[in-house]
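Visitor: I'd like a close look at one part of this model. Could you pick a piece and walk me through its surroundings?

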Amino acid sequence: MENDQPPFARIIEEELIDYRIRSRFYHPDYVKRLGLSGTERVLEFGSGGGCMSRALVRTLSPEGSLSCVEISPYWIEKARRRLKVFSNIKYLQGDITRLPGPENHFDVVIIHFVLHDIESTARIDVVNALAKVLRPEGTLFIREPAKPEHGMPLSEIRSLMQDVGLREIHTGCTRSWQRSWICDGTFKKSW
Ligand SMILES: C[S@@+](CC[C@H](N)C(=O)[O-])C[C@H]1O[C@@H](n2cnc3c(N)ncnc32)[C@H](O)[C@@H]1O
């Protein structure tokens with residue numbers, strides 16, 4: 001986990017590749033495919049420096065809101081500075097399993113390239129905490145890499161979601177332009 005100042009190489013990579021390039025093309029395209037109406041209360045888990053957050057908040061109308069949960073003080077501050085013009089974003093720094101979250105509150109939870117970075121034994125508690133803050137019939141979207149050396153298999157995503165009682169709507173894996181597999185899932189809360 002990135003609790004402290006990230007390595008310098010990661011800071012440069014995030015600024016030049018993720019923020020200046022990918023967040024103009026890839027992230028807006030991802031968000032467009034989610035089909036949000038714009039009025040949702042969205043929680044983005046592991047929001048990093050705000051690349052996905054920027055695409056999300058631009059899709060939301062003033063009635064919608066975005067809550068960014070991020071464990072790293074460095075990245076959450078970076079996101080806060082980058083997105084300061086948006087008044088409908090809340091920033092929550094900390095571990096989701098310890099943060100006091102409003103239960104049954106969010107219409108949408110987004111996990112984008114985060115869960116695979118969390119130790120495998122801790123993943124169930126994280127998913128459980130996210131399922132609790134999702135409202136009944138709310139939707140959880142997840143995208144994770146599936147490389148054996150850096151990623152997690154779709155079967156694990158499906159079983160984690162099933163274990164916390166989320167209903168599968170859609171899952172699938174595709175090959176990215178970098179020729180590695182990425183897996184997507186859409187799940188709903190029925191309880
Ligand atoms: C690869 S980055 C992805 C950032 C963002 N989701 C995106 O796609 O642009 C993963 C982020 O998840 C954060 N993270 C890892 N474990 C976390 C946890 N337990 N709670 C909150 N954030 C976490 C890391 O600090 C990092 O900023």
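Guide: Let's look at helix α5 and what sits around it, then stop at a few other spots.

Two bits of housekeeping before that. Residues are numbered from 1 along each chain, in the order its sequence is written. This is a predicted model, so local features need pLDDT of at least 70 and side-chain atom pairs count only at pLDDT 80 or more, while totals for chains, interfaces and linings use all residues.

Helix α5 covers residues 154-163; helices here are DSSP runs of H or I with at least four residues, strands are runs of E with at least two, and both are numbered from the N terminus. Its buried residues are I157, L160 and M161. Buried means 20 or more other C-beta atoms within 10 Å of the residue's own, exposed means 12 or fewer, and partly exposed is in between, with the C-beta atoms placed from the backbone. Why do I157, L160 and M161 count as being on the same side of α5? Because they cover an arc of only 95° around the axis, taken over the directions from the helix axis to the C-beta atoms. As background, an α-helix has 3.6 residues a turn, so residues three or four places apart point the same way. Flip to the face turned away from that buried side and you'll find the exposed residues S155, S159 and Q162.

What covers the buried side? The cover includes α4 (123-133), β5 (134-145), β6 (166-175) and β7 (181-189). Just past the end of α5, G165 takes a positive phi of about 85°.

Now for the partner helix. The axes of α4 and α5 come within 9 Å and cross at roughly 55°; the axes are lines fitted to C-alpha atoms over the stretch in contact, with angles from 0 to 180 degrees between N-to-C directions. The two helices are therefore oblique to each other, since angles under 35 degrees count as roughly parallel, over 145 as roughly antiparallel, 65 to 115 as roughly perpendicular and the rest as oblique. The crossing of α4 past α5 is right-handed, meaning the near helix is turned clockwise from the far one by less than a right angle. R123, I124 and V127 of α4 meet L160, M161 and D163 of α5, where a contact is two C-beta atoms, placed from the backbone, within 7 Å.

From there, step over to L140. Leaving out residues up to four places away in sequence, L140 touches V109, L130, L134, L166 and F187. L140 is also among the residues with the most contacts inside the largest nonpolar core, which has 46 residues; V42, F45, L56, V109, I110 and L130 are in that group too. Such a core is a set of buried Ala, Val, Leu, Ile, Met, Phe, Trp, Tyr and Cys residues joined through C-beta atoms within 7 Å.

Two backbone oddities are worth a glance. Most residues other than glycine have a negative phi. N104, though not a glycine, has a positive phi of about 55°, and it sits in the loop between β3 (89-93) and β4 (106-112). With 13 C-beta neighbours inside 10 Å, N104 is partly exposed. F113 also has a positive phi of about 55° without being a glycine. You'll find F113 in the loop between β4 and α4, partly exposed with 15 other C-beta atoms within 10 Å.
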